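User: I'd like a close look at one part here: the cysteine chemistry. Walk me through who is bonded to whom, how each link is set up, and what is left over.

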Amino acid sequence: MAIAVSSRLLLGFIFIVLEVFQPATASSNVNIVYLGDRNFDESQLTQDLHHEILSNILGSKEAAKESILYSYKHGFSGFAAVLTESQAKLIADIPGVVRVIPNKILDLQTTRSWDFLQVKPYIENGIISKSHSGSGSIIGVIDTGIWPESESFSDNGMGEIPSGWNGICQEGEGFNHSNCNRKIIGARWYIKGYEAEFGKLNTSDGVEFLSPRDAVGHGTHTASTAAGAPVKNASFMGLAQGIARGGAPLASLAVYKVCWATGGCSSADLLAAFDDAVSDGVNVLSVSLGSSPPLSTYFDDILSIGSFHAAAKGIAVVCSAGNSGPYPQTVINTAPWIITVAASTIDRSFPTAITMGNNQTVVGQAFYTGRMDMNKFYPIVYGEDIASIDADEDSASSCDSGTLNATLARGKIVICFQSRSQRSVATAARTVMAVQGVGLIFAQFPTKDVQFSFGIPSVLVDFVIATSLLTYMQASRNPLVKFSFTKTVIGQQLSPEVAFFSSRGPSSLSPSVLKPDITAPGVNVLASWSPASSPDTDNSIPPLNFKIESGTSMSCPHVSGIVALLKGKYQTWSPAAIKSALITTASLKDEYDQIIVSEGAPHKQADPFDYGGGHVNPNKAMDPGLIYDMGVSDYVHFLCGMGYNNSAISSMTKTQTRCFRKSTGFLVNLNLPSITIPELKKCLTVSRTVTNVGPVNSVYTARVQTPAGATVGVEPSTLTFNSTVKTLKFKVTFRSQLRVQGRYSFGYLFWEDGLHHVVRIPLIVRTVIDDFYSQT
């Protein structure tokens, strides 16, 4: 009964402190009161505690019921409520309250991609055959919902619903129990946090559904990428035609709709989805959303909190790394218990020819299937040359909104140049459409990411091609061009490359934790779409059932599908073990055995801040040889090292925690499948522990590719496993060789058994000088 007593003490504190209470006012905001792990096994007791706390703050049970939006009671304890700033401060001072977090609005971040990854059903001993196509695994997708009628969500060939499933099929607008089946085994929707911030959502215009039904397309795309059934002759307006399928085609899907077509995803709703998912019995959570830097602390970040409790229950949480690349320190979702996924290209391209009036041809990329006369040449003009009276030339050059002269643009193809302030093809296309231009040529930094603009043909080229077009225009009295239809070409471009937009490391919150963890296909990915989402305002294009999209939102469900396959084979493996298998077996070379390149300004050889452990290799991940495992106690040590206080960590984990004063060593000694030392001063020794999951009798020998500016020693240099020795510890000593303030350098540690296991982890080191600042 000690737990019940501690709860009564907490409530007693409320009675003592609160001499007056304040009713919620118009200036109230949604706040999330996080209490850590649950005090009670029974969910109802946890919910009663939340109501009692709030009742004493607000003065009555009726006021509490009106204020509270969610009671988080399954995977952890807390609630979301409408509170004034002073009420939130009072609650924050109550013993046992870990954090009071203001509600935040988060952002959302195929026929070829799975073949490119060699995830094919006919490969003998491949990941599909070994995992039975993910049968028995449940992937939870937290996103914009799902379009259940899509062929990707047919349950033909699916087995019975997994016995551990405890979820529901929640009804709503345009969605009932019949929309769930043996593929979509559960669906829920969350809007209380969103409506508390923005008011009641009006769905009478048909642009959204108060239900799990997807009006955006994003959630349908990610769910089908992870676990869609095979669909023949899928294409995006005739492009990328083939069989569309998910990575784990026999895995079940549980849908949690927290994001809305009218904009954004409430963190209060997101935490409610995590709470339900933990209770429902999912094995994997795929979360393609997040917030751009600056990053909140791990105790103030709802996605970090929800994923911590999910990981503690054995659920692998996979998240997108963000789309703020190619700039460093932009990676998001950086908690060590999350699998953070960068985006990379595949070997499919969409070349589109541009023929000039002199019969010379250049090639760009587009998704263009023809709304112009293919035999007709059109006049071409440069945006800067047709600037409107009140627009500056630089803005007109990039075709920023309202910068073009309608008289000079009408009936012409306009060429525009991407600028630092205007990088969007969509903005340029809208600008050209507004002045009745007939086509757009958009010059951009070199990238394989093709962006589609409804309503106007838009061909993407690099600056070299665009400049050659300008040269032709200057030499011709009547410059003309015409577009050819886009083709789909496979196998003629080097891939993978890390995508230009993919956010880069190091983590700005915890630089000793390498992020991203891994990269996967996230460029020009074809998957199912919601036909209710129609950005084509003139309705000249029919509703889409499949669409090509790019982003780390697309790479995330690729890894989610792979994790479901691994779960199907290794049901007892922890999320950390699965992440280790992915990272240590990833590829550093493209399909032509060249070192992977990172798109950027300029392109460069990719490094771990671009792709973590490398490009995911699903078949090799099935047999990693050794794993670097972790559990809740390891994460507790990490949180201590981050400087969080004992009481907050104890509440989060419901284990008595006492952090030592000098616990920063926990940061570099966290048992990650990587070693990152942000500040190597002279000499530092770190330790790691590996577990043998390969042949019982195995001997591994260390090999080091040393980071520049340092020396690296491994002790012992040989690891011998047998029937009684399954886990071994080793130490790695780094010594700086530089006498100057250094930059990050990269290397690798390999453990090799001489047969077919090569277990590789990245080594990242930045040397610093003890008295650097005193010398400046």
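Analyst: **Cysteines, bonded and free**

Let's start with C265: its relative accessibility is 2%, so it counts as buried. Bear in mind that this is a predicted model. C265 is bonded to C259, with 2.1 Å between the two sulfur atoms. C259 is tucked away too, since a relative accessibility of 1% makes it buried. The S-S torsion of C259 and C265 comes out at about 105°, so this disulfide is right-handed.

Zooming out for a second, searching the whole structure turns up 4 disulfides. If you number the bonded cysteines along the chain, the pairing reads 1-2, 3-4, 5-6, 7-8.

Another of these links is C169 to C180, with the sulfurs 2.0 Å apart. The twist about its S-S bond is 90°, and the link of C169 and C180 is right-handed. C169 and C180 both sit in the loop between strand 6 (138-143) and strand 7 (184-189), so their bond ties together parts 11 residues apart in sequence. Solvent-wise, C169 and C180 are both buried.

Then there's C640 with C659, where the S to S distance is 2.0 Å. The handedness here is left, with -70° about the S-S bond of C640 and C659. C640 belongs to helix 19, while C659 is in the loop between helix 20 (646-653) and helix 21 (665-669), so the bond ties together parts 19 residues apart in sequence. C640 has a relative accessible area of 5% and is buried. C659 comes in at 17%, which still makes it buried, because the cut-off is under 20%.

Now for the leftovers. C319 has C556 as its closest cysteine partner, but the sulfurs are 6.1 Å apart, which is too far for a bond. To count as a disulfide, a pair of cysteine sulfurs has to be within 2.5 Å. C319 is buried, at 0% relative accessibility. Looking from the other side, C556 is in no disulfide, and the sulfur of C319 is the nearest cysteine sulfur to its own, 6.1 Å away. C556 is also at 0% relative accessibility, so it counts as buried.

So what should you keep in mind when you set up the sulfurs? C259 goes with C265, C169 with C180, and C640 with C659, while C556 is in no disulfide.

Key
Residues are numbered from 1 along each chain as its sequence is written. This is a predicted model: local features need pLDDT of at least 70, side-chain atom pairs count only at pLDDT 80 or more; totals for chains, interfaces and linings use all residues. Side-chain values use heavy atoms; hydrogens and water are left out. Helices (H or I, at least four residues) and strands (E, at least two) are DSSP runs, numbered from the N terminus. Buried means under 20% relative accessible area, exposed over 50%, partly exposed in between (1.4 Å probe, protein chains only).
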